[in-house]
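Work through the exercises below with the sequence and the 3D view side by side. Each task is followed by a worked solution.

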Amino acid sequence: MKAMDGTILAISYEINPALVSVVLGTALLGLATGALGSLAVLRRNSLLGDALSHAAYPGLLAGFLLSGTKSVGLMVLGAILAAAMALYLTNLLGKGGRVRPDAALALVMGCFFGIAMVLQSHLQQNPSAAQAGLKDYLFGQAGLLLEEDIPLLVCLALLVLFVLGWGWSRWKIITFDRSHALSLGIHVPFWDMLYSFLLILSVVIGLQVAGVVLMSALLVMPGCASRYWTTRMSSLVTLSGITGAFLGIGGTFTADELSWPPGPTIVLLGFIWLFISYGAFEIRRKKRALRQPFSPGNSFTPPPFPIPGKAPSNG
Amino acid sequence: MDNADLQTLLVACLGAVACALGGAFLVLRRLSLLADAISHSILLGIVVAWVLVKDLGSPWLLLGATLSGVFAVWLVEWFQKKAGIREDAAMGLVFPALFSAAVIMISQLAHSVHLDTDAVINGRLELAFLDPVRIGNTSYGPRSAWMLGTLVFVQLVLITLFFQPLRIVWFDSAFAASIGISPLLYQWGVTTAASLTCVSAFDALGSILVVALMVGPASSALLWSSRLSRVLVLAVLFALISATLGFFLGAWLDVSLSGMIAVCTGFVFGLCWLLAPEEGWIAQWARKRRQIQEFRTGLLLVHLRTHENSPERHEECRFDRLNIHLKWPQALVDDVAKAALERDLVTSIGGLLGCTPAGRTMAKQLVGD
């Protein structure tokens, strides 16, 4: 069904049919990571995505090393396990205040990637035809997205949206006020785990498209840009998802037009969109400041977060 | 171990020391991830400088790379201060953007430049000795060793000269400003130094190893001491250990040296995390055990003292009834009472426990009367 839709679309707009699955794929991935990433931005652990994508890479290689072929199942499993281990280690080290959390994150990321380099050099010594595409995971090769990959990405996007919608009120409370969530009897560790699981899943799936280095941008950029347009969490998550999807589509088309690598193009487009959003925000802020002169509250403050029960301070 | 191996080891050690010195200051300011941001951003500077001068060996590439590292930090600050984006998100935005720009430029120039993005990430430690400094016909060791050596020397001189103001700025910038030391000057000085370190080191070590070496030794050192001078010395020491260990392991297993050094940095950190004298996991576990034991002894003493002269003493203070009154399992009572007897805090007369004067004093202190 999907494939047929794709062909029809391709014919009617005279687009390279191979591009359709790429566009669909990046849009779906952008949707999932954008929605999920806006939560990461609010939770102040935007760089977790970066660390996880670096940490997943050795797992991917280990999966390949074990199976000897590019069997996607084992590689993805390895990547998920490695990322989960990195996350556990980061939390363990950062706990108790003996090691700074940022240092723990950077260190775990560096060491896991060191393992990846060791595995990679080991693989390079006995090269085989099967490992040819492994390096694509480093910088991403969205162009390699095939029609077969689309169902997986549809599942990912649906899963993310479903889980976010299912526990919406809980996500909201946990994001803004953890202790309140605890006092209400919400099982915060469970939701944290669920969140980490989704993050790991989308990072691992996204590796092929965006690559290790640029994965974090897919998570952070839509959230940050949308933050300039809205102060409601529901609209923030929706808007980030849509932004992510459109960045995926726009980036892929731009990349195809200019024959640029798609992953970096998406990121660059996101960066431009961020500046546009910031500019629009500044203009609206100035207008608002003109309407209400002499108020000390008009000096710049970051866009206020909508804390439940408390009116935003700036408008 | 031949000459090439020795040269490689020298480059690895100098790189490790250079990174550890700069990294210690970043870690102390909770800016570890800035190392990550800088090490990814310098690629853009290199590419732009290359486009301008078209020469891979040119010192302008170094300058461009350093500037783009500083630019990345400036951009992160700008996002934070002016655009209201939090630090973590700002970093997560800036370095992928700069890195993307660099990757796109490289992909467009691919036919005319041998800038391998893979080498940027992995480094070429194994090949460092192939690029010696030559004067006439004699070669004077690898170029990267000279560069990193100079960097280490300059860092050491600067740290020694400006140790006092640097320390004041780093731990209390408000106070520093009030006594006329400009925090901004020192912060940007350290940022530039960190950027320069990344630039000099990443050719040999690769951008990820730079992150590991900047953060790992400094974090390990911070588990051992909280004095800036000692932290710096220890960080250098741990960096040297990691580099040497990684070099030999990597050479033995015949795998990527810089990857192995990164792994060893983590290994050394793991050991420190377990074994450090006060902050180590084992030391903390032992301290916790000791505190629990002390608390239980205190509880026993307070119980004994409370009932010391009361009529129900024969019931409350009997050794074989304590498990009921303290609500402890018998094994625990045995344990605590035995320890207390050994420390002369408790006497036992025919199964009836009582406080010694020392035990009485302790119980008194605990209750606070």
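The radius of gyration is taken over C-alpha atoms, and the globule rule is 2.2 Å times the number of residues to the power 0.38. The model used here is predicted.

**Exercise 1. Overall form of chain B**

Task: Set the radius of gyration of chain B against that of a compact globule of 369 residues, and describe how chain B is divided into domains.

Solution.
- Step 1. By the globule rule, a compact globule of 369 residues would have a radius of gyration near 21 Å.
- Step 2. Chain B has 30 Å instead.
- Step 3. Along the principal axes, the C-alpha atoms of chain B fill a box of roughly 100 × 55 × 40 Å.
- Step 4. Chain B is divided into domain 1, covering 3-277, and domain 2, covering 283-367. The C-alpha centres of these two domains of chain B lie 57 Å apart.
- Step 5. The secondary structure of chain B comprises 17 helices and 4 strands. Of its 369 residues, 47% are buried.

**Exercise 2. The hairpin**

Task: In which sense do strands β1 and β2 of chain B pair, and which residue of their hairpin takes a positive phi?

Solution.
- Step 1. Locate β1 at residues 132-135 and β2 at residues 138-142 of chain B.
- Step 2. The two strands pair in the antiparallel sense, over 3 bridges. R134(B) stands opposite S139(B), which is in β2(B).
- Step 3. Between the strands there are 2 residues, and in this hairpin G136(B) takes a positive phi near 65°.

**Exercise 3. Positive phi outside glycine**

Task: Find where R30(B) and D254(B) are placed, and decide whether each is buried, partly exposed or exposed.

Solution.
- Step 1. R30(B) is in the loop between α1 (3-28) and α2 of chain B. Its phi is near 60°, a positive value in a residue other than glycine.
- Step 2. R30(B) counts as partly exposed because it has 13 C-beta neighbours inside 10 Å.
- Step 3. D254(B) lies in the loop between α11 (228-253) and α12 of chain B. D254(B) is not a glycine either, yet it has a positive phi of about 60°.
- Step 4. D254(B) has 10 C-beta neighbours inside 10 Å, so it counts as exposed.

**Exercise 4. The nonpolar cores**

Task: Which residues touch the most other members of the largest nonpolar core, and which helix gives the largest share of it?

Solution.
- Step 1. The largest nonpolar core has 207 residues, and A83(A), L93(B) and V94(B) touch the most other members.
- Step 2. Helix α10 (residues 188-227) of chain A supplies the largest share of this core, 22 residues.
- Step 3. Leaving out residues up to four places away in sequence, V94(B) touches A37(B), A72(B), L75(B), V76(B) and F79(B).
- Step 4. A second, separate core has 15 residues, including L301(B), V333(B), C355(B) and A363(B).

**Exercise 5. Where the chains meet**

Task: How many residues does each chain bring to the contact, and which element of chain B gives the most?

Solution.
- Step 1. Chain B brings 49 residues and chain A brings 48 residues.
- Step 2. Among the elements of chain B that give two or more residues to the side touching chain A are α2 (32-53), α4 (87-109) and α12 (257-275).
- Step 3. α4(B) gives the most to that side, with 13 residues.
- Step 4. Sorted by class, the side of chain B that touches chain A has 27 nonpolar, 15 polar and 7 charged residues.

Notes:
Residues numbered from 1 in each chain as written. Chains lettered and ligands numbered in written order. Predicted model: local features only at pLDDT ≥ 70, side-chain atom pairs only at ≥ 80, totals over all residues. Core = buried A, V, L, I, M, F, W, Y, C linked by C-beta atoms within 7 Å. Buried ≥ 20, exposed ≤ 12 C-beta atoms within 10 Å, placed from the backbone. Contact = placed C-beta atoms within 7 Å. Pairing = 2+ DSSP bridges. Domains from an automatic or database assignment. Nonpolar A, V, L, I, M, F, W, Y, C, P; charged D, E, K, R; others polar.
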